[in-house]
Amino acid sequence: MESGKRAEAGFSRGFSEERKEREQREVCQKPFSLEACDDPEDEDDEEDGVGASSGFVPSSLVSLKEQIEKDKDDESLRRWKEKLLGCVEGDLNGQMEPQVKFHSIGMISNDLGEVNYPLPIDGDQDGHVLFTLKEGSLYQLKLTFSVLHNIVSGLTYSNAVWKAGVQVDRNGGMLSTFAPQREPYVHIFDEETTPSGVLARGTYSANPKFEDDGKRCHMELKYSFEIKNSS
């Protein structure tokens, strides 16, 4: 549960070869925005295995306040649990539901250096490309977020990438389990390489979604990015 922990996989693992002949269609740009999450029983997620429950039933939620007060007669154990859980005074309010508040999304690459955008995305950016990368370049996505009220268990992401109205990639992975703490978490994804070639160039839209193991959706984000000629 430490800041800076890296994910097992990034948002993009490359784009399917069999779809390339369809990628010359007119580019369909999607504005980037924060949206209310869809039904957690999304059929696409279940088919893809990302976000599917696989028979797993999470344990009942217990508030931080209850977890601390279970050992209120043991001062040393209580202090140890407060430190372990990362409790802050404002979180000991008995609220059961954890909340993940996303502060920014960023891109780290040789081309851009590091660029960060606050969330939600400014409405003035609507209809524009968020990130522009060169083909064959290395990049890492970066998220900054806070956890409030309770431990968020098994925070996962799923992500679909589209180009010219065709889905060209879909992937997902586990981030971790996070407790409330005073400082925001910074999560940097594994380094990836953008695809290369004429057909790889153009504008893409990405639709990452973040859920915990209780199927609570904490954010669904839409944004656009571009891959351009390396010259």
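Here is a short chat between a visitor and a guide about this predicted model.

Visitor: How many helices and strands does the protein have?
Guide: Let's walk along the chain from the N terminus. The elements run β-α-α-α-β-β-β-β-β-β-β-β-β-β. Tally them up and you get three helices and eleven strands.

Visitor: Where is confidence lowest, and where is it highest?
Guide: Over the whole protein, pLDDT averages 74, and 59% of the residues score at least 70. It stays under 50 over residues 1-36, and again over residues 39-53. By element, the lowest mean is 44, in strand S1 (residues 33-35), while the highest is 96, in strand S8 (residues 185-188).

Visitor: Which residues touch the most other members of the largest nonpolar core?
Guide: That core has 35 residues. Several strands each supply at least two of them, including S2 (99-109), S5 (138-148) and S11 (217-228). The residues with the most contacts to other members are Ile-105, Phe-145 and Tyr-223.

Visitor: What does Phe-145 contact, leaving aside its neighbours within four places in sequence?
Guide: Part of the list is a run from Val-100 to His-103, made up of Val-100, Lys-101, Phe-102 and His-103. Further along the chain come Leu-155, Phe-178, Pro-184, Tyr-185 and His-187.

Visitor: Is Val-161 buried or exposed?
Guide: Val-161 sits in strand S6. Its C-alpha atom is 9.9 Å from that of Tyr-223, though the two are 62 residues apart along the chain. The relative accessible area of Val-161 is 2%, and the cut-off is under 20%, so Val-161 counts as buried.

Visitor: Which residue in S3 is the bridge partner of Ser-109?
Guide: Ser-109 belongs to strand S2. S2 pairs with S3 (residues 113-118) in the antiparallel sense over six bridges, and the two form a hairpin with three residues between them. Within S3, the partner of Ser-109 is Gly-113.

Visitor: What else does Ser-109 touch, not counting residues up to four places away in sequence?
Guide: Ser-109 is buried, with a relative accessible area of 8%. Beyond those sequence neighbours, it touches Leu-133, Leu-138 and Tyr-139.

Visitor: How many bridges join S2 to S5?
Guide: These two strands run antiparallel. One of their bridges pairs Ser-104 with Thr-144 in S5. The number of bridges joining S2 to S5 is ten.

Visitor: How many residues apart in sequence are the parts tied together by Glu-114 and Lys-142?
Guide: Glu-114 and Lys-142 form a salt bridge, with their closest N and O atoms 2.5 Å apart. Glu-114 lies in strand S3 and Lys-142 in strand S5, so the pair ties together parts that are apart in sequence by 28 residues.

Visitor: Are Glu-114 and Lys-142 buried, or are they partly exposed?
Guide: Glu-114 has a relative accessible area of 42%, so it is partly exposed. Lys-142 comes in at 15%, so it counts as buried.

Visitor: Which residue forms a salt bridge with Lys-209?
Guide: Lys-209 is buried, at 6% relative accessible area. Its partner is buried too, at 4%, and also meets Lys-215 in a salt bridge of 3.1 Å, N to O. The closest N and O atoms of the Lys-209 pair are 3.7 Å apart, and the partner is Glu-211.

Visitor: How many salt bridges does the structure hold?
Guide: Beyond the pairs above, Glu-97, Asp-212 and Arg-216 are linked in a network of salt bridges. The total for the structure is six.

Note on methods: Residues are numbered from 1 along each chain as its sequence is written. This is a predicted model: local features need pLDDT of at least 70, side-chain atom pairs count only at pLDDT 80 or more; totals for chains, interfaces and linings use all residues. Side-chain values use heavy atoms; hydrogens and water are left out. A nonpolar core is a set of buried Ala, Val, Leu, Ile, Met, Phe, Trp, Tyr and Cys residues joined through side-chain atoms within 4.5 Å. Buried means under 20% relative accessible area, exposed over 50%, partly exposed in between (1.4 Å probe, protein chains only). Helices (H or I, at least four residues) and strands (E, at least two) are DSSP runs, numbered from the N terminus. Contact means heavy atoms within 4.5 Å. Two strands pair if DSSP finds at least two bridges between them. pLDDT is the predictor's confidence in each residue, from 0 to 100. A salt bridge is a side-chain nitrogen of Lys or Arg within 4 Å of a carboxyl oxygen of Asp or Glu.
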